[in-house]
Every structure is written in structure tokens, then in C-alpha cells.
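Student: Could we go through this structure together, asking of each label what value and what cut-off stand behind it?

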Amino acid sequence: MSNTKITNLANGTAASDAAAFGQIGLLQTVYATYATQTSTTSTSYVDSGIAITINVKLNTSNVIIDADVPLYITGTSSGGAPIADLIITNSSNITVQEYLGVAGSNVSLNQPDYFWTVRIRGFVATPSTGSITYKVRVRVNSSSGAGTNTVKTCPSIAGQATAFITAQEIQ
Amino acid sequence: MIITQNDRICLALNVLRPGAQYAITGNDVVALQWLDPVQTRPTDDEILAAIAAQQE
């Protein structure tokens with residue numbers, strides 16, 4: 001234990017002082033669930049409804065976003081290639097992390113459909129303190145097969161699937 | 001297999017406007033976001049009629 005004294009500290013908070021002296025790695029974790037089916041045939045990103053809001057304590061922090069996204073993808077052709085893209089954005093739709101071609105198929109089935117859960121994560125430096133919302137958006141990959149391809153999040157096909165999303169503020 | 005109203009709306013739109021781009025969250029047709037730059041959005045009544053026809 002050092003005998004060095006800390007002097008001339010400005011008024012701060014327990015969290016900011018502890019972070020300043022390297023005593024904190026993880027500042028907070030928040031989580032949310034979402035369980036309503038969204039369906040899209042669009043090749044442009046749309047909101048899935050899966051989102052998390054974190055009230056950032058320090059403007060020097062980073063945030064890790066981590067989501068389990070249940071997906072169900074279908075196609076109407078015999079080409080058998082519906083493909084999904086996912087992206088994490090902030091509330092202004094600015095990209096945090098994009099996952100292209102994260103789920104799909106490339107087999108010749110008539111009207112293919114598949115469902116499974118995909119994990120998507122992102123890392124972002126926080127520009128300021130205060131409330132920030134991060135969301136998962138979804139689209140049909142433009143390289144999908146012919147016909148109408150549909151990507152569904154939180155599908156109900158075999159019981160209502162639930163998405164789980166967390167955000168962690170770290171130093 | 002569980003078919004929700006969300007699924008029925010998608011199936012109806014596949015018939016009414018094949019290949020059209022849209023998004024819908026939940027089971028209410030009012031929540032339909034029409035994103036297709038070419039094809040026009042069918043009315044809510046047209047969609048509900050197409051769903052009824054599928055169930056006959």
C-alpha cells in the first residue's frame with residue numbers, strides 16, 4: 001500500500017473518481033427483451049423493435065451492445081436463397097456494427113424457410129453522457145434469390161421467440 | 001406451426017403485390033410500412049379480404 005496522498009482533487013462523483021484512478025472496468029449493464037414479430041421484404045434496413053437504452057455516466061466510456069436475434073427467413077421461389085442482413089445502429093440510424101449475409105440458404109428448395117437465432121455485437125465510444133438508444137435493424141440481402149424473400153425477427157412459428165439485448169458501459 | 005396475423009398479412013401481400021417491399025411489426029395491418037417504390041400499397045380492406053379468402 002502506497003503512502004502517497006492524493007491532493008487537489010476537484011469535486012467529482014464516486015463513479016468518475018473511481019474511473020479516473022483505474023478502479024473501474026465495467027460501469028453498468030442494462031438489458032431488455034423483445035417478443036413481437038417483425039416481417040420485412042425490404043432490401044433497406046427497417047427497425048426490428050429490438051432496442052436498448054443506456055444512460056451513459058461518463059463521456060470517456062465505451063459501450064458494448066450484445067443481442068440474440070431470433071430469425072425466420074422465407075422465400076417464394078424454387079431458387080432457395082433468402083438471406084438476412086442485420087445492423088446495430090444508434091437512434092439516428094448511424095451504424096455501430098453491420099452483419100451482412102448473417103443468415104440464409106443456398107440450396108434449391110421450393111419455398112424454403114429456416115429459423116434460428118443469430119448473435120450480433122457492437123462496440124462504440126460514447127460521445128457524451130446521457131441516454132442513448134441502440135437498436136437492431138434488419139433487411140433482405142440484395143443477393144437473395146428470386147421471388148419474394150421475407151425476413152422475420154422474433155418469429156412466432158414455433159412459439160413466440162424472444163430477443164435479448166444488453167448494453168454495457170465500460171472504461 | 002403457428003400462423004399469426006403478421007404471417008397472414010405477409011401471405012396476402014405476396015398474392016396482392018408479388019415482390020413488393022414492406023415491413024410490419026405485430027399483427028395490426030395499420031402498422032404496415034409500405035416501402036416499395038413502384039407498386040402501390042393495397043388498402044387495409046383489400047389486405048383483410050385477401051386474408052379472409054385464404055382462410056376459406
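Tutor: Let us start where the chains meet: S2(A) and S1(B) pair in the antiparallel sense over three bridges. This is a predicted model, in which local features need pLDDT of at least 70 and side-chain atom pairs count only at pLDDT 80 or more, while totals for chains, interfaces and linings use all residues. Residues are numbered from 1 along each chain as its sequence is written, and chains are lettered from A and ligands numbered from 1 in the order in which they are written.

Student: What makes S2(A) and S1(B) a pair?

Tutor: Two strands (DSSP runs of E, at least two residues, numbered from the N terminus) pair if DSSP finds at least two bridges between them. S2(A) and S1(B) have three bridges, so they pair. Within this pairing, B:Thr25 in S1(B) is the bridge partner of A:Thr38.

Student: How many residues of chain A are in contact with chain B, and what is the class of those residues?

Tutor: Taking contact to mean C-beta atoms, placed from the backbone, within 7 Å, 18 residues of chain A are in contact with 17 residues of chain B. S2(A) gives the most to the side of chain A that touches chain B, with three residues. By class, that side has three nonpolar, 15 polar and no charged residues, where Ala, Val, Leu, Ile, Met, Phe, Trp, Tyr, Cys and Pro count as nonpolar, Asp, Glu, Lys and Arg as charged, and the others, Gly among them, as polar.

Student: Why is A:Cys154 called buried?

Tutor: A residue is buried if 20 or more other C-beta atoms lie within 10 Å of its own, exposed if 12 or fewer, and partly exposed in between. A:Cys154 has 23 other C-beta atoms within 10 Å and is therefore buried. A:Cys154 is found in the loop between S9 (149-153) and S10 of chain A, and has a positive phi of about 50 degrees although it is not a glycine.

Student: And what of A:Asn93, buried or exposed?

Tutor: With 11 other C-beta atoms within 10 Å, A:Asn93 is exposed. A:Asn93 lies in the loop between S5 and S6 (95-104) of chain A, and its phi, near 65 degrees, is again a positive value in a residue other than glycine. Most residues other than glycine have a negative phi.

Student: Which residues have the most contacts inside the largest nonpolar core?

Tutor: Such a core is a set of buried Ala, Val, Leu, Ile, Met, Phe, Trp, Tyr and Cys residues joined through C-beta atoms within 7 Å. The largest has 42 residues, and those with the most contacts inside it are A:Ile50, A:Ala67, A:Val69, A:Ala84 and A:Val136. S4(A) gives the most to this core, with seven residues.

Key
Helix = DSSP H or I, 4+ residues; strand = E, 2+ residues; numbered from the N terminus. Contact = placed C-beta atoms within 7 Å.
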